[in-house]
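User: Please take a close look at the charged side chains here: their pairings and their surface patches. I would also like the setting they sit in, including the aromatic pairs.

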Number of protein chains: 2
Amino acid sequence: MEWGELRELILRRIRPSVEEERLVEAFCRRISGELSERLREAGFKAVAEVHGSVAKGTWLSGERDLDIFILLDPGYERDVIPSVLEVVKRYLGSGWVEAYAEHPYLQARIDEFQVDFVPCFRIRPGEPLKSATDRTPLHTAYVREHLKPEQRDEVRLLKRFMKGIGVYGAELKVGGFSGYLCELLIIHYGSFEELLEAAARWRRGTVIQLEVGPDPRELRRRFGTPLIVVDPIDPNRNVAAPVSEDSFWSFVAASRGFLKAPSEIYFYPREERPEAQEILEALRLRGSDLLFVVIPDSDVDVPDILWGQLYKAEKALRGLLERWGFEVLRSAAWSDEASRHILLYELESATLPIVEKHMGPPVEVVEHSERFLRKHLGSEDLISGPWIEGGRWWILTRRRWTGARELLRHHLEVDGGRGIGVPKRLSRRIREGFSLLLNGEIEPYLEGDFISFLHRFLCGRASWLH
Amino acid sequence: MEWGELRELILRRIRPSVEEERLVEAFCRRISGELSERLREAGFKAVAEVHGSVAKGTWLSGERDLDIFILLDPGYERDVIPSVLEVVKRYLGSGWVEAYAEHPYLQARIDEFQVDFVPCFRIRPGEPLKSATDRTPLHTAYVREHLKPEQRDEVRLLKRFMKGIGVYGAELKVGGFSGYLCELLIIHYGSFEELLEAAARWRRGTVIQLEVGPDPRELRRRFGTPLIVVDPIDPNRNVAAPVSEDSFWSFVAASRGFLKAPSEIYFYPREERPEAQEILEALRLRGSDLLFVVIPDSDVDVPDILWGQLYKAEKALRGLLERWGFEVLRSAAWSDEASRHILLYELESATLPIVEKHMGPPVEVVEHSERFLRKHLGSEDLISGPWIEGGRWWILTRRRWTGARELLRHHLEVDGGRGIGVPKRLSRRIREGFSLLLNGEIEPYLEGDFISFLHRFLCGRASWLH
């Protein structure tokens with residue numbers, strides 16, 4: 001299909017209709033108006049305002065997530081937040097949940113909308129922040145001022161594209177591009193296609209500045225991320241900081257692929273939900289070994305903290321396996337974010353030969369040579385040697401761990417993996433119980449989202465690569 | 001045992017008795033006298049002289065190898081050699097064998113002596129050579145002049161020590177220290193013990209000069225060997241050139257070990273001749289895989305050429321195995337120098353997992369990325385991916401060779417291994433027939449010297465390490 005035609009098809013799905021716009025705007029006006037009034041009545045110098053994609057006119061049709069910010073007069077300090085939230089609670093009556101990021105905020109379902117009520121302090125560009133959310137109103141204002149109305153669809157196409165290739169969202173689980181970053185990229189490059197043309201040629205350390213700012217080399221040194229997009233309302237902030245290296249290159253590669261052969265698959269990847277039996281068959285035929293660490297968790301952290309811990313644990317266990325000579329082909333972490341986490345490792349083989357070649361010191365270094373000979377000549381683990389080769393001592397020794405499962409079990413049982421770098425809270429969960437499953441033993445867990453996840457892992461290919 | 005006491009015990013075994021000296025000298029005098037007379041009668045300006053260790057008084061008791069050199073007048077050219085050898089043949093009557101190194105020479109057994117008759121041209125120090133053996137008379141003269149009579153026993157101790165630790169002999173098979181080199185080392189350091197004290201501290205690039213000569217740095221650059229001993233009768237020659245790195249460090253390490261705890265074992269290692277059943281049991285318990293390439297050979301080359309070819313072939317096959325991912329723990333070559341050669345490889349495992357991780361180009365490099373994707377996306381060998389990790393493309397592919405035996409068989413059957421670097425003559429033998437045997441399959445060949453060799457290989461430890 002021609003890109004022009006495809007573009008219209010996709011826009012038809014993601015661009016809100018006039019009725020939808022009217023509905024959302026009316027809802028926003030009502031809630032912010034009512035809440036502002038309640039705040040005034042309660043004696044607060046504060047107003048409720050809609051922010052996020054709705055405020056900027058860049059939301060995708062069907063999305064019903066709203067951010068309502070309560071802008072407090074700069075005279076207030078952070079200790080005012082609880083009493084402000086009390087006013088919101090009274091306004092909502094029931095059905096709210098108190099959540100906590102950097103400071104507390106409220107979540108509520110109203111009609112078909114999922115609304116976050118977030119207190120923040122009104123500041124002007126360049127002023128110091130009282131809370132991390134104080135920048136949001138400035139971001140809204142910047143985008144409103146610089147994003148032309150006809151560019152809203154460009155942002156929508158970009159967001160849908162990024163969702164499709166799996167790099168949308170600044171949360172730790174994704175490590176991708178935030179909505180605000182998408183808007184800045186469109187403001188900077190003009191359109192979805194112009195951005196993709198540029199991204200196809202992006203290199204590590206690409207610097208994007210919408211306002212005049214420091215030398216790019218200086219910014220590269222300071223931020224060190226593959227992509228640096230200076231926040232136009234705060235030159236000390238890199239809006240692209242959450243973009244992981246993998247997300248960055250995925251976007252670059254997908255941009256190239258898309259420009260060569262535009263396809264709907266970039267926006268709407270095929271959702272495959274294979275049967276458990278297919279997965280088991282694939283595991284059986286694969287030739288490698290898949291080792292799963294299943295961790296039940298009855299008290300899950302908020303996602304960003306949870307994923308931080310999972311990724312650290314994944315890396316820690318991978319490092320352990322590699323240090324003991326196991327060839328880790330790939331690893332990944334999965335969680336339902338509610339009751340169960342699974343770390344998985346694809347190994348060339350979960351068992352290693354018992355014999356291992358071990359390098360000793362150069363013969364030239366007298367004391368090290370003596371220590372090496374003293375240590376190994378009497379050792380029960382010595383299989384062969386020591387012999388001299390290439391100016392060094394060498395031996396064959398019995399390998400301590402020939403099974404990957406036994407190696408992990410040992411370290412997880414001792415202290416939940418704390419000693420090898422598993423974060424504290426997760427190691428506590430592990431000490432309460434875990435399973436180590438090899439290949440087909442994962443069968444009982446092949447359900448719901450995990451099946452799709454494992455299928456994607458086994459395929460190992462970006463959804464848009466065909 | 002005290003070293004003083006041990007030294008006497010060993011000298012008693014290696015120092016020829018007065019009767020032996022008398023016997024050997026009388027024999028030498030008789031042969032060289034008679035042969036000189038025959039040469040004179042035949043009209044040659046030439047004399048027969050004894051050279052080698054007997055001429056220098058450094059032979060070990062019981063050794064009956066003699067070098068008789070026929071020194072030709074410098075007026076002759078190399079084309080005279082055949083007619084000179086005719087005289088020797090007539091003198092010997094029968095029982096001689098014509099051999100060939102750089103030029104032809106004769107070998108004969110006379111009484112209990114094994115005698116080499118070697119023609120050479122009389123030169124003076126610094127004069128150009130007509131044949132490689134022309135230096136020998138000068139070496140004899142140098143040692144006779146500089147080695148004190150009481151130092152002959154020091155040379156004998158050194159030779160026996162070097163034989164004991166397996167580094168005696170400049171031939172390619174050993175890659176060790178020649179008799180002349182042993183004599184120069186004793187002349188330079190004074191005694192066996194003083195040499196060992198020095199060798200214990202030798203470093204790579206040790207330079208020894210008995211006469212004033214060039215800057216050591218210059219010599220290190222020129223020769224590049226771990227040990228450089230400048231020939232006092234030819235400053236352009238490194239007498240230690242044949243000393244391999246392994247022999248060098250073995251001597252250094254053994255010197256240290258001996259000085260710490262002198263023992264007879266350095267001079268006379270325990271000769272172990274295990275039963276075939278013991279070897280098979282050791283192979284079974286070992287955990288690694290031993291792969292043997294057995295090459296029958298009905299027309300064996302002279303040793304130095306043969307071993308050159310065997311070592312090259314050993315290395316070529318090792319390289320092949322390593323390139324295809326097999327972990328070669330050690331390798332070695334054995335030959336009876338008469339009818340059979342065996343290359344052996346100890347592998348962590350003779351089989352590899354079918355899955356292999358394969359690194360692609362950086363995503364940043366557009367054309368390479370495209371070529372990589374084009375090549376692998378449609379490939380039947382693709383198991384998983386391509387995915388992006390650390391800025392690069394990666395895939396899991398099916399390994400071409402999962403069995404070491406099949407890999408070697410393929411390359412040896414095609415062209416005798418010529419294409420991967422097996423030397424020509426040996427590759428011809430291989431094309432005539434070879435066996436690839438794994439572990440216990442070597443049983444039919446477990447006989448004679450090969451049993452001892454394999455036992456030492458499996459033990460892998462220098463004989464003096466205890």
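Analyst:
**Charged side chains and their setting**

Chain A has 16 helices and 15 strands. The model is predicted. The C-alpha trace of chain A spans about 85 × 55 × 55 Å along its principal axes, and of the 466 residues in this chain, 53% are buried.

Salt bridges come to 72 over all chains. One of them lies in helix 12 of chain A, which covers residues 303–323. There the side chains of Arg318(A) and Glu322(A) meet, with an N to O distance of 3.3 Å. The two residues are four apart in the helix, about one turn. Their cover can be compared with the cut-offs: buried means under 20% relative accessible area, and exposed means over 50%. Arg318(A), at 15%, therefore counts as buried, while Glu322(A), at 40%, counts as partly exposed.

Arg318(B) and Glu322(B) also take part in salt bridges, in a network that links them with Lys357(A) and Glu389(A). This network therefore has members from chain A and from chain B, by its residue names.

Within chain B, a salt bridge joins Arg40(B) to Glu37(B), with 2.7 Å between the closest N and O atoms. Both residues are in helix 2 of chain B (residues 18–41), three residues apart, so about one helical turn separates them. Arg40(B) has a relative accessible area of 54% and is therefore exposed. Glu37(B) is partly exposed, at 34% relative accessibility.

A salt bridge in chain B with a wider sequence separation involves Lys163(B) and Glu63(B), whose closest N and O atoms are 3.3 Å apart. Lys163(B) belongs to helix 6 of chain B (residues 152–165), whereas Glu63(B) sits in the loop between helix 3 (52–56) and strand 2 (65–72), so the pair ties together parts 100 residues apart in sequence. Both ends are partly exposed: Lys163(B) has 32% relative accessibility, and Glu63(B) has a relative accessible area of 26%.

Charged residues also gather in surface patches. Glu171(A), Glu271(A), Glu272(A), Glu275(A), Glu278(A), Asp304(A), Asp336(A), Glu337(A) and Asp449(A) form a negative one. Patch members need over 30% relative accessible area and no salt bridge. Asp304(A) has a relative accessible area of 41%, so this residue is above that area cut-off and is partly exposed. Asp304(A) is placed in helix 12 of chain A, the helix that also holds the Arg318(A) and Glu322(A) pair.

A patch of positive charge on the surface of chain A is made up of Arg418(A), Lys424(A), Arg428(A) and Arg431(A). Lys424(A) is in helix 15 of chain A (residues 424–432). With a relative accessible area of 52%, Lys424(A) is exposed, because the cut-off for that class is over 50%.

The aromatic pairs add a further part of the setting. The count is 48 over all chains. One of these pairs is Phe248(A) with Trp249(A), an edge-to-face arrangement with the ring centres 4.9 Å apart and 75 degrees between the planes. Phe248(A) and Trp249(A) are both buried. In chain B, Phe177(B) and Phe251(B) form a tilted pair, 5.2 Å centre to centre with 55 degrees between the planes. Phe177(B) lies in the loop between helix 6 and helix 7 (179–189) of chain B and Phe251(B) in helix 10 (residues 245–260), so this pair ties together parts 74 residues apart in sequence. Phe177(B) and Phe251(B) are both buried.

Helix 7 of chain A (residues 179–189) is mostly covered, with nine of its 11 residues buried. A charged residue, Glu183(A), is among the buried ones. The others are Gly179(A), Tyr180(A), Leu181(A), Cys182(A), Leu184(A), Leu185(A), Ile186(A) and Ile187(A). After this helix comes Gly190(A), whose phi is positive, near 100 degrees.

How values were computed: Residues numbered from 1 in each chain as written. Chains lettered and ligands numbered in written order. Predicted model: local features only at pLDDT ≥ 70, side-chain atom pairs only at ≥ 80, totals over all residues. Heavy atoms only, no water. Salt bridge = Lys/Arg side-chain N within 4 Å of Asp/Glu carboxyl O. Buried < 20%, exposed > 50% of the residue type's maximum accessible area, 1.4 Å probe, protein only. Patch = residues over 30% accessible without salt bridge, like charges linked within 9 Å, V, L, I, M, F, W, Y side chains within 5 Å. Areas by Shrake-Rupley, 256 points an atom, 1.4 Å probe, with all protein chains shown as cover. Charge placed at Lys NZ, Arg CZ, Asp CG, Glu CD. Phe/Tyr/Trp six-rings, centres within 6.5 Å; stacked < 30°, edge-to-face > 60°.
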